[in-house]
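Student: Could we go through this model together? I'd like to begin with contacts along the chain.

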Amino acid sequence: MMPMHLSRQLLAPVAALVLALAASAARADAVDTLREFVRDVKSGRAAFTQTVTSPDGAKKKTSSGRFEFSRPDRFRFAYAKPFEQLIVGDGKQVWLHDVDLNQVSVRPMSAALGATPAALLAGKSLDTDFELSNQPSVNGLDWALAQPKQKDGAFQSLRVGFRGKTLAAVEIVDGFGQRSVLQFDGFETNAALPEDTFRFVAPKGAEVLRQP
């Protein structure tokens with residue numbers, strides 16, 4: 001029979017291993033959570049803070065505002081600070097209004113969406129445009145990596161972070177290595193959003209630039 005003190009020495013690390021495995025099994029699979037988010041969450045809104053970092057990490061810019069979406073392909077990013085800017089996807093076209101310049105850019109949804117953060121959050125299908133994989137959990141968030149299948153697109157990679165089942169953050173690395181992190185606060189799922197939330201009318205006197 002094994003001496004009692006040796007039994008205890010062996011049981012302690014075994015128990016720790018069992019607990020660690022149980023915790024790992026209980027932790028949400030971020031890819032599954034992302035798929036559930038796309039399948040089950042038909043609309044949502046939240047406040048956001050966006051931090052953009054230059055490729056060399058030397059420069060940072062921070063902005064904030066409100067984000068709303070309704071599937072399929074309708075979304076609204078209303079930037080309030082430091083400058084007002086509005087991005088609206090109405091299901092057919094994407095409008096970008098620079099308030100200070102009173103200038104509006106508009107292009108077809110099919111050309112503007114593709115493998116973008118808006119497509120990831122407000123689109124209809126993930127697997128058409130992205131390769132999905134789980135990433136290590138960091139700072140209490142479970143991360144899923146979404147790499148665009150189109151290799152010559154505007155984005156290198158997108159990461160989506162969940163706190164439990166709640167969308168908490170999106171990290172974007174563009175084709176030039178610039179990193180943008182959106183952190184969401186007070187995310188409300190399946191919110192009742194008025195139809196005109198995603199309707200855009202160019203302000204009087206605004207210069208409208210139509211892109212192919």
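Tutor: Contact here means heavy atoms within 4.5 Å. Among contacts between residues at least 6 apart in sequence, 47% join residues at least 24 apart. This is a predicted model, in which local features need pLDDT of at least 70 and side-chain atom pairs count only at pLDDT 80 or more, while totals for chains, interfaces and linings use all residues. Residues are numbered from 1 along each chain as its sequence is written, and side-chain values use heavy atoms, with hydrogens and water left out.

Student: How many residues does the largest nonpolar core have?

Tutor: The largest nonpolar core, meaning buried Ala, Val, Leu, Ile, Met, Phe, Trp, Tyr and Cys residues joined through side-chain atoms within 4.5 Å, has 30 residues. Buried is under 20% relative accessible area, with a 1.4 Å probe and protein chains only. Those with the most contacts inside this core include Phe-37, Phe-77 and Leu-167.

Student: And which helix gives the most to this core?

Tutor: That is helix α2 (residues 30–40), with 5 residues; helices are DSSP runs of H or I, at least four residues, and strands are runs of E, at least two, numbered from the N terminus. Apart from this core lies another, of 7 residues, among them Leu-86 and Trp-95.

Student: Switching topic, what share of the chain is buried?

Tutor: Buried residues make up 39% of the 212 residues.

Student: And how many helices and strands are there?

Tutor: The chain has 4 helices and 12 strands.

Key:
Buried means under 20% relative accessible area, exposed over 50%, partly exposed in between (1.4 Å probe, protein chains only).
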